[in-house]
Amino acid sequence: MKIAVAGHSLIHPRQQRFFLQVAELGHQVLLVMPSQWGTLRATSSDGPGDLLSRALPVLAGEGDMYQYRLVGLEGTLQEFQPDILYVQQEMTCHFTGSCIQLARDHGWTLAAFVWENLRPLTDEGKERLKSVDLLVCGNDEAVRLHPEARFWTVLPQVGVDMDHFQARPDVSRETSVAFAGRAVAEKGIDLLGQAWPTARLLAWTDFRWLPWLYSQAKVIVCHSLDTPQWKEQAMPYVAVEALANGCAVVASDAGAIPFWLGGGFSGRPCPGAIITPQGDVAGLRQGIDAALGNWEEMGQAGRVWVKQYLGSKAVAQLLVERLSLAVQEHRNTLAAGRSVDV
């Protein structure tokens with residue numbers, strides 16, 4: 001199968017490593033991304049293996065960076081001739097609309113990734129969704145907000161690279177309790193300060209060095225909070241990558257966290273994580289205390305759990321299965337002479 005994946009997030013090495021795993025399952029994969037997004041830069045390359053990357057000039061939207069265009073998108077996709085185009089951008093973005101139109105014009109199967117879990121679709125978004133053959137939802141609540149989807153599945157945007165995220169023996173776990181990520185109110189940083197004043201805020205580091213960062217800590221705290229404007233959308237990557245690194249995790253029940261860590265996706269709660277009620281300082285303190293008393297066993301069990309359910313190999317296999325079904329259904333529709341539009 002020839003899979004073209006397009007979106008701004010592909011400029012990040014986490015996504016690139018994951019789709020290399022998809023290619024290693026025996027598929028040709030093309031990643032189409034901006035040549036620059038924020039501080040990240042990308043270049044076009046052929047390989048490794050059956051993974052191709054094309055970094056295109058980006059035209060940013062006025063007042064909204066997500067309303068962007070990629071120069072040369074159509075020609076790049078035409079040259080590759082995908083069986084399926086998988087766009088990783090929300091329904092209301094201009095880029096998604098461009099990909100939908102290209103898929104219609106060229107008869108490609110179309111998949112789209114969304115993780116909107118707070119705001120219902122606009123009329124424009126609902127109309128666009130009618131042309132999507134497969135909707136990949138990044139959390140369970142996104143399914144509810146996209147009822148017009150004909151064929152949907154729930155998967156992480158990418159899985160966890162288990163080779164990259166593992167404890168580094170050259171680093172000692174001198175930190176008992178730590179926080180990693182954006183130190184902002186919605187991530188629960190203020191509550192952590194009340195619950196465990198000696199918790200260490202780990203300094204930001206490049207993705208390549210995250211395993212060494214997590215290897216310093218016994219317990220990682222991810223106590224996110226829901227707000228009227230924001231809810232945790234994605235699989236909590238700090239939590240699951242820390243678990244893969246052998247840390248115990250104490251998380252909150254905010255947003256999509258219970259779905260990913262509490263067994264909603266896997267059917268089995270993560271044995272390496274303790275989920276506490278959001279906003280509950282006493283409950284957070286108790287969770288941290290319990291994790292510290294059993295962090296090694298929790299970390300070991302958590303790594304096994306992540307590999308089984310959320311590791312890159314497992315998620316890549318599930319994604320390929322869903323994409324293959326969408327391609328087959330699209331071909332059946334065309335063979336029957338029916339319109340692919342609803």
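**Exercise 1.** Arginine 331 has a relative accessibility of 43%; decide whether this residue counts as buried, exposed or partly exposed, and then find which residue its side chain meets in a salt bridge.

*Solution.* The model is predicted, so local features need pLDDT of at least 70 and side-chain atom pairs count only at pLDDT 80 or more, while totals for chains, interfaces and linings use all residues. Residues are numbered from 1 along each chain as its sequence is written, and side-chain values use heavy atoms, with hydrogens and water left out.

Step 1: buried means under 20% relative accessible area, exposed over 50%, and partly exposed in between (1.4 Å probe, protein chains only), and arginine 331 at 43% is therefore partly exposed.

Step 2: a salt bridge requires a side-chain nitrogen of Lys or Arg within 4 Å of a carboxyl oxygen of Asp or Glu; the partner of arginine 331 is aspartate 83, with an N to O distance of 3.0 Å.

Step 3: this pair links distant parts of the chain, since aspartate 83 lies in the loop between α2 (73-80) and β9 (84-87) and arginine 331 in helix α12 (residues 312-335), 248 residues apart. Helices (H or I, at least four residues) and strands (E, at least two) are DSSP runs, numbered from the N terminus. Aspartate 83, at 24%, is also partly exposed.

**Exercise 2.** Compare the span of helix α11 (residues 295-309) with its expected value, and determine where its buried residues lie around the axis.

*Solution.* Step 1: the expected span is 1.5 Å times one less than the number of residues, which means 21 Å for the 15 residues of α11, in agreement with the 21 Å between its end C-alpha atoms.

Step 2: the buried residues of α11 are Trp295, Met298, Gly299, Gly302, Trp305, Val306 and Tyr309. They cover an arc of only 130°, and so lie on the same side of α11; the arc is that of the directions from the helix axis to the C-beta atoms.

Step 3: the face turned away from this buried side carries the exposed residues Glu297, Gln300, Val304 and Lys307.

**Exercise 3.** Establish how strand β6 (residues 51-56) is joined to β2 (residues 28-34) and to β5 (residues 45-46).

*Solution.* Step 1: two strands pair if DSSP finds at least two bridges between them. Six bridges join β2 to β6, and these strands run parallel, whereas two bridges join β5 to β6, which run antiparallel.

Step 2: serine 53 in β6 is the bridge partner of leucine 31 and also of serine 45.

Step 3: the hairpin of β5 and β6 has four residues between the strands, and glycine 47 takes a positive phi near 105° there.
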